[in-house]
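User: I'd like a close look at one part of this protein. Could you pick out one helix and walk me through how it sits in the rest of the fold?

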Amino acid sequence: MTSSSPSERVEIDVEVNGRRRTVAVDARDTLADHLRNDQKLTGIKLGCEHGVCGACTILMDGAAVRSCLTLAAQGNGRSIRTVEDLSDGAALSPLQEAFKKHHALQCGFCTAGFLLSATELLDANPSPTRDEVVEALSGNLCRCTGYQTIVEAVLDAAGQIGN
Ligand code: FES
Ligand code: FES
């Protein structure tokens with residue numbers, strides 16, 4: 001990472017959804033703002049902007065992180081995945097299909113965050129128990145579903161992925 005001006009712009013080299021680019025970001029920008037505003041990845045949602053709700057969750061080097069609490073500059077040298085990378089064109093991933101099948105979303109505001117937290121879990125543990133799913137999703141809030149259908153969807157997807 002190199003300073004590009006004496007003030008507040010920094011250059012970062014970051015891979016986003018498989019595409020590596022060098023971009024200039026404001027040193028004060030959050031990763032959420034950079035990805036949403038500069039890279040137009042608006043699947044990332046901003047709820048609390050204080051690290052509480054999980055709506056802004058992305059994967060950074062495979063780990064679920066809150067993009068509202070991460071500076072864009074911290075993306076330097078990292079590999080980032082957002083919800084836009086889960087599907088293959090119009091073809092939903094098994095996890096997304098399971099969310100659809102189980103009606104695991106209503107307004108959908110929280111969904112990207114849940115999908116990425118669940119992706120982190122299933123990448124590390126393809127056959128989680130119900131308790132492990134609940135624990136993995138405990139940092140994501142949903143105001144609509146009551147969580148049951150989300151847990152069912154992740155367990156169903158685990159079955160599909162594991163088979
Ligand atoms: S918007 Fe980032 S945790 Fe709520
Ligand atoms: S589906 Fe509305 S907040 Fe989760």
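What follows is a look at helix H3 and then at the parts around it.

Analyst: One thing up front: this is a predicted model, so read everything below as computed from that prediction.

Let's start with the helix itself. H3 covers residues 111–124, which makes 14 residues. From its first C-alpha to its last it reaches 20 Å, close to the 20 Å expected at 1.5 Å a residue. Is H3 enclosed or open to the outside? Eleven of its 14 residues are buried, so the helix is largely enclosed by the rest of the structure. The buried ones begin with Thr111, Ala112 and Gly113, go on through Phe114, Leu115, Leu116, Ser117, Ala118 and Thr119, and finish with Leu121 and Leu122. As background, an α-helix has 3.6 residues a turn, so residues three or four places apart point the same way.

Now for what H3 packs into. The largest nonpolar core has 24 residues, and those with the most contacts inside it are Leu95, Phe99, Phe114, Leu137, Ile150 and Val154. Three elements give two or more residues to this core: H2, H3 and helix H5, which is residues 148–162. Which of them gives the largest share? That's H3, with seven residues. Leu95 is a handy place to see the packing. Setting aside residues up to four places away in sequence, Leu95 touches Leu115, Ala118, Thr119 and Leu122, and also Val154 and Ala157. Of these partners, Leu115, Ala118, Thr119 and Leu122 are also on the list of buried H3 residues.

Just ahead of helix H2 (94–101) comes Ser93, in the loop between S6 and that helix. Ser93 is buried, because its relative accessible area of 13% falls under the 20% cut-off. Not counting residues up to four places away in sequence, Ser93 touches Leu86 and Ser87.

On the other side of H3 in sequence, Ser127 sits in the loop between H3 and helix H4 (130–136). Is Ser127 buried or exposed? Ser127 is exposed, since its relative accessible area is 57% and the cut-off is over 50%. Ser127 and Leu155 are 28 residues apart in sequence, yet 8.0 Å apart in space, C-alpha to C-alpha.

There's also a second, separate core of 17 residues, which includes Val10, Val23, Leu35 and Ala73. Val10 belongs to strand S2 (residues 9–16), on its covered face along with Ile12, Val14 and Val16. The uncovered face of S2 carries Arg9, Glu11, Asp13 and Glu15. S2 runs antiparallel to strand S3 (residues 19–26), and eight bridges join the two. Within that pairing, Glu11 has Ala24 as its bridge partner in S3. Two residues lie between the strands in this hairpin, and Asn17 takes a positive phi near 50°. S2 also has a parallel partner, strand S6 (residues 79–81), joined to it by two bridges. There, Val16 stands opposite Ile80.

His34 is worth a look too, in helix H1 (residues 31–38). With a relative accessible area of 2%, His34 counts as buried. Leaving aside neighbours within four places in sequence, His34 is in contact with Val23, Val25, Gln39 and Ala72. Val23 is also one of the residues of the second core.

The other hairpin is made of S4 (residues 57–60) and S5 (residues 63–66), which run antiparallel with four bridges between them. Leu59 stands opposite Ala64 there. Again there are two residues between the strands, with Asp61 in the turn at a positive phi of about 50°.

Finally, step back to the whole protein. Its secondary structure comes to five helices and six strands, and from the N terminus on the order is β-β-β-α-β-β-β-α-α-α-α. For 163 residues, a compact globule would have a radius of gyration near 15 Å, and the 16 Å found here agrees with that. The C-alpha trace spans about 50 × 30 × 25 Å along its principal axes. Of the 163 residues, 40% count as buried. Among contacts between residues at least 6 apart in sequence, 53% join residues at least 24 apart. As for the surface, the protein exposes about 8,200 Å², with carbon and sulfur atoms supplying 49% of it.

Technical notes: Residues are numbered from 1 along each chain as its sequence is written. Chains are lettered from A and ligands numbered from 1 in the order in which they are written. This is a predicted model: local features need pLDDT of at least 70, side-chain atom pairs count only at pLDDT 80 or more; totals for chains, interfaces and linings use all residues. Side-chain values use heavy atoms; hydrogens and water are left out. Buried means under 20% relative accessible area, exposed over 50%, partly exposed in between (1.4 Å probe, protein chains only). Two strands pair if DSSP finds at least two bridges between them. The expected span of a helix is 1.5 Å times one less than its number of residues. Contact means heavy atoms within 4.5 Å. A nonpolar core is a set of buried Ala, Val, Leu, Ile, Met, Phe, Trp, Tyr and Cys residues joined through side-chain atoms within 4.5 Å. The radius of gyration is taken over C-alpha atoms; the globule rule is 2.2 Å times the number of residues to the power 0.38. Accessible areas come from the Shrake-Rupley method with a 1.4 Å probe; for residues, only the protein chains shown count as cover.
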